[in-house]
Amino acid sequence: MGLLFVHGIVLAYPIDRIAAVVDDGVILESELYFKVESLRRTLLQSKTRLPPEDVLIKQVLERLIVDKLQLQMAERGGIKVDEETLHAAVQQIAQRNNMSLEQFRKSLASEGMDYGDFVEQIRNEITISRLRSSQVNSQIKVSDLEVRNYMETKDKSAGGAEEQYLLGHILIATPSAASSSEVQKAKEKAEKLLSEIRRGMDFKQAALSASDDEQALKGGDLGWRKKAEIPSLFAEYIDDMNEGDVVGPVHSSSGFHLIKLLGLKGKDGAEHRLTKTHARHILIKPNELINNDDARKKIVALRNRIEHGEDFATLAKGHSDDKGSAVKGGDLGWVQPGALVPAFESTMNALAIKQLSEPVQTQFGWHLIQVLERQESDDTVEYLKNQAREEIFRRKVDEETELWIRRLRDEAYVEIRLGQ
């Protein structure tokens, strides 16, 4: 038997009972109820009214099923997260919360979360992200013609694309090969839900209770987006919506959608100055022979040697594990904003010319960074082109990921045993 704490009451449950069979794997009731209780705490902390217990359990179970399917596919595809990458990711989360790793571990314990479970959750998130990158992102292309059309549309809208929209989304899904009766049933469910929302039902509550979208457990919140980042299916409605408006049901191959405009932010100005940085670095990677702590000690030793007069380029050629830049004395050339991983770029941006950084860790290993030159220019056109390409790509990723997840779920063998 296992123990589950719900509202201060200790409940017993059999840890070996199966909640669902998912292809060649299972989801245990203990796993399900742990996730339910974790979500319950989050919702209570955000002062969100809880949906009925059976609805909450159903939504969490569906999310676990989709995650399980993705992790199974990743395993079949040989997608793994090495310990160094995992450690770096957890450390970055701790840093974002202004804590050391030990402080972060204690903070998790104070909230009732096991550190090992948290690390495993991060491993799964990275694994799923890599899977989606290989299955969806890598297949998406943005043509120069699409960028030009975006730029022309943006000009005609007098900069409206710089406005940001906070959207809520509810999906009432249909199977990939839905019959006419299944489509009609989903449409009626969406229309009924829309009617309840317009009569006063909280949109976030409705999403928690009924949405089949990935963001359901976040109350359907899609986050702040520029217009070009909004799925094209919804974008045409945005211009005619005021804050608080709800539209739908909007039909797509995934099902029926309800959209609410939760917030609107203004424009960010038309001129952009681009700062390019000429930098060099030395990288020491942990590997089978050198663990993470040894890699850190080695980069510290190299920094001390440079501080005592040894040549950066010579040490980079002899020691850096970034072989592409090592042959050039660690020279990365001119780097544009956004080209490097955040931990590296933020450290680089904070350096003065010729200043040597302290050791900095990324998912690639430990770095020493030195900025050689900076160059600032009014590069508005190039900035907007890059922005357009990124926003079109993100829109396509959102749309294709939703379709891919629905296909994955529809084609899988899933047997719900909860309550049997």
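This tour goes from the second largest pocket to the sheet and helices around β5, in a model that is predicted.

Begin by selecting Lys58, Ala173, Lys189, Asp212 and Arg406, which, among the 20 residues that line the second largest pocket, lie nearest its centre. The space in this pocket comes to about 600 Å³. If you colour its lining by class, you will find nine charged residues, eight nonpolar ones and three that are polar.

Next, show the elements that each give at least two residues to this lining, namely α2 (53-76), β5 (164-173), α7 (180-198), α8 (203-210) and α14 (380-411). Of the lining, α2 contributes the largest share, with five residues.

From the pocket, follow β5 into its sheet, an open one of four strands in the order β6-β5-β8-β7, with antiparallel pairing. Select β6 (221-226) and β7 (246-252) at the edges, where each has a single partner strand, so that one side of each is left without a neighbour in the sheet. Neighbouring strands here are turned against each other by 35 degrees on average, with direction ignored.

Now select β8 (residues 255-265) together with β5: the two strands run antiparallel and are joined by 10 bridges. Within this pair, Ile172 can be found opposite Phe256 of β8.

Then bring back α7, which packs on the sheet and touches β5, β7 and β8, its direction making about 170 degrees with that of β7. Finally, display α8, which lies across β5, β7 and β8 and runs at about 35 degrees to β5. Both α7 and α8 were met earlier in the tour, as suppliers of at least two residues each to the pocket lining.

Conventions
Residues are numbered from 1 along each chain as its sequence is written. This is a predicted model: local features need pLDDT of at least 70, side-chain atom pairs count only at pLDDT 80 or more; totals for chains, interfaces and linings use all residues. Side-chain values use heavy atoms; hydrogens and water are left out. On a 1 Å grid over the protein atoms alone, a cavity is a set of points where a 1.4 Å probe fits but cannot get out, and a pocket is an open set with protein on both sides within 12 Å along at least five of seven lines; lining residues have an atom within 4 Å of a point. Grid points are joined across faces, edges and corners, and a volume is the space filled by probe spheres set on the points. Ala, Val, Leu, Ile, Met, Phe, Trp, Tyr, Cys and Pro count as nonpolar, Asp, Glu, Lys and Arg as charged, and the others, Gly among them, as polar. Two strands pair if DSSP finds at least two bridges between them. Axes are lines fitted to C-alpha atoms, for helices over the stretch in contact, and angles run from 0 to 180 degrees between N-to-C directions. Contact means heavy atoms within 4.5 Å.
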